[in-house]
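Subject: Handing over a structure

Hello,

I am passing this structure on to you, and I hope you enjoy looking through it. Below it you will find my notes on what turned up.

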Amino acid sequence: MIIQPKTRGFICTTAHPEGCASQVKRQINYVKAQPKLEGPRNVLVIGASTGYGLASRIVSAFASGANTIGVYFDKAAEGARTASAGWYNSAAFEAEAAEAGLKSYSIVGDAFSDEIKAKTIDLIRTELGQIDLVVYSVASPRRTHPKTGEVFTSVIKPLGGTYSNKTVNFHTGEVTQATIEPATEDELRQTIAVMGGEDWNMWIDELQSAGVLADGATTVAYSYIGPEITHAVYREGTIGAAKNDLEATAHRLHEQLAAKGGRAYVSVNKALVTQSSSAIPVVPLYISALYKVMKEKGLHEGCIEQMYRLFSTRLYGAAETPVDEKGLIRIDDWEMRPEIQEEVAQRWAELTTENVYELSDLEGYRREFFQLFGFETDGIDYNADTNPEVAIPNQR
Ligand code: NAD
C-alpha cells in the first residue's frame, strides 16, 4: 500500500516501515561513530520502542555490545492499518542487532501487568541468565493496577490554580493562549499511579526476588524539570508530582540495591520531540524555541546524543556517577544553561503567529514529529507501494 501520514490532533495514526528503519539506522550509525563503552552486558529496557527508551537500547547494544530485551506496547499492522512506529523501530533494531551478532528479544504487551513481568523474567532466565542494567522509560496515558484492577488515567494539569500560557498548533503555526484548569485531588492521585515510581519499583522487586538481577546492577528512569514558563503545568503540576514520586523511588531503590553493590538513578533529560511530549500543551512551542537557540549555539542534541552522553559520561564513563544536590543525574545541563534559558525566555515573550517560524524552529519541530513515524525522511519513496506487514524477528 501507499503509506502517507494521517494525523488526528497530536498523533499520527500511520507509520512508514522503511522510514522508521532508516531513522533507527541513523541513530545506530551515530553511536557506531562514537568511542566504544565499557558499559552493561545484558540490558532490559522497559518502554523500548520509541524516544528515550529506544535510544537507550541502541546505545546499550551498539556502544557497549550488550544483549537487550525490549518491552513495549505497540501494535502490528492489520488490514488497512499500518503497525505503530515503535513496532517498525523495534523490527529494524532487532535486524541490526542480529547482524552485529548481538542477542535481542522483544516482549510486546502491557509492562504494568504481572503477566508481562513474569514473561520477561522467564526470558531473562532462559536466554541471558541475569541482567545488569534496567532502563525504565515508559510514558503512558493509562495504567491498570496489577493487584487491584483499578484503571488510572494520567492528566497534565496545574495544581492549585488555573494556568495560562502560549501554545502552538505545530501543523498550522498558529500561536494561541492555552488555559488549563487545575487538577482535582483524584486526578493527581491517578497521575502519580501512572507516571510515578510504583511500577518501576515492582519491576525491580520482582527481578530481584526471581534472582535475575545481577549483583551490582544499575537501574535508571527518566524525568524532566525544564524552564520557569512550563513549571506550573509540568514540574509543579500533576506530572511533576508523579516525577517527585519517581525520584523518591530512585532513592529507595538505590538503598535497596546498594546492599549488593547496585545503583538506582533518575536522569533528568532534555526536552525533545517525542510522541509523549507533543501531547503536552505549551511544551512544543517551548521545544521549538529551545531547538532554535541550541542549534544556533551548536549545543543541540536529540534522543540518541542525549543517551550516548548519559551512558558515557554519567552512568558508565565516570569513576563515580555525578549527581546534583538532590541525587539526580542532570543530562539536561546544556538545556538549563543560563545563557540558553535567558535567550529562550526573551524569544518566548515575543513569539506570535506572525514571527513563530523566525524566532523558533517550529519547522524543525514539525519535521521531527513526522520523522517519529518514519515520514519526511531522506531517501524514502513515499509514493512507492510498501508492505506494512513487518515481522519482529525475536518476539516472545
Ligand atoms: P515515548 O512516548 O517516545 O516512549 C514511551 C515508551 O513507552 C514506548 O516504547 C511505548 O511503547 C512504551 N509504553 C507505553 N505504555 C506502555 C505499557 N503499558 N507497557 C509497555 N510499554 C509501554 O516517550 P519518551 O518521551 O521517550 O518518554 C520516556 C521517559 O522519558 C518518560 O518518563 C518521560 O517523562 C521522560 N522524559 C521525556 C522527555 C521528552 O521531552 N520527551 C524529557 C525528559 C524526560
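**Around the ligand**

A nitrogen atom of the ligand lies 2.9 Å from an N or O atom in the side chain of Asp110. Please keep in mind as you read that this is a predicted model. Two further polar pairs involve oxygen atoms of the ligand: one is 2.7 Å from an N or O atom in the side chain of Ser49, and one is 2.8 Å from a polar backbone atom of Leu272. How much of the ligand's accessible area does the protein cover? On its own the ligand has 840 Å² of it, and the protein covers 92% of that.

The shell around the ligand has 28 residues, and those that come nearest are Ser49, Ala111, Lys243, Thr274 and Ser276. By type, the shell divides into twelve nonpolar, twelve polar and four charged residues. Two elements give two or more residues to this shell, namely α2 (51-64) and β11 (213-223).

**Two annotated spans**

The UniProt record, an unreviewed entry, places "domain: Trans-2-enoyl-CoA reductase catalytic" at residues 81-316. In the model, this span is 44% helix and 20% strand, and its end C-alpha atoms are 41 Å apart. From the same kind of record, also unreviewed, comes "domain: Enoyl reductase FAD binding" for residues 323-385. Here the end C-alpha atoms lie 50 Å apart, with 43% helix and 3% strand in the span.

**Helix α3**

Helix α3 covers residues 85-99, and its length is easy to check. At 1.5 Å a residue, its 15 residues should span 21 Å, and the end C-alpha atoms are indeed 21 Å apart, so the two values agree. Is this helix mostly covered or mostly open? It is mostly covered, with twelve of the 15 residues buried. Among the buried ones are Trp87, Tyr88, Phe93 and Glu94.

**A few residues to look up**

Val282 sits in the loop between β12 (263-268) and α9 (283-296). Its phi is positive, about 75°, although Val282 is not a glycine. As background, most residues other than glycine have a negative phi. Val282 has a relative accessible area of 0%, so it counts as buried.

Glu376 also has a positive phi, near 50°, and is likewise a residue other than glycine. You will find Glu376 in the segment after α13 (362-371). With a relative accessibility of 27%, Glu376 falls between the limits of 20% and 50% and therefore counts as partly exposed.

Asn201 belongs to helix α6 (residues 198-209). Its relative accessible area is 13%, which is under 20%, so Asn201 is buried. Asn201 and Leu253 are 52 residues apart along the chain, while their C-alpha atoms are separated by 7.2 Å.

Tyr234 lies in the loop between α7 (228-231) and α8 (238-258). At 7% relative accessibility, Tyr234 counts as buried because the value is under 20%. For Tyr234 and Pro281, 47 residues apart along the chain, the C-alpha atoms are separated by 9.6 Å.

That is everything from my side, and I am happy to talk it over whenever suits you.

Best wishes

Definitions and conventions. Residues are numbered from 1 along each chain as its sequence is written. This is a predicted model: local features need pLDDT of at least 70, side-chain atom pairs count only at pLDDT 80 or more; totals for chains, interfaces and linings use all residues. Side-chain values use heavy atoms; hydrogens and water are left out. A residue is near a molecule or strand if one of its heavy atoms lies within 4 Å of it. A polar contact is a pair of N or O atoms within 3.5 Å; within protein, one must be able to donate a hydrogen and the other to accept it, and residues adjacent in sequence count only if both atoms are side-chain atoms. Accessible areas come from the Shrake-Rupley method with a 1.4 Å probe; for residues, only the protein chains shown count as cover. Helices (H or I, at least four residues) and strands (E, at least two) are DSSP runs, numbered from the N terminus. Ala, Val, Leu, Ile, Met, Phe, Trp, Tyr, Cys and Pro count as nonpolar, Asp, Glu, Lys and Arg as charged, and the others, Gly among them, as polar. UniProt positions are given in the numbering used here, feature names are shortened, and annotations may be inferred rather than shown by experiment. The expected span of a helix is 1.5 Å times one less than its number of residues. Buried means under 20% relative accessible area, exposed over 50%, partly exposed in between (1.4 Å probe, protein chains only).
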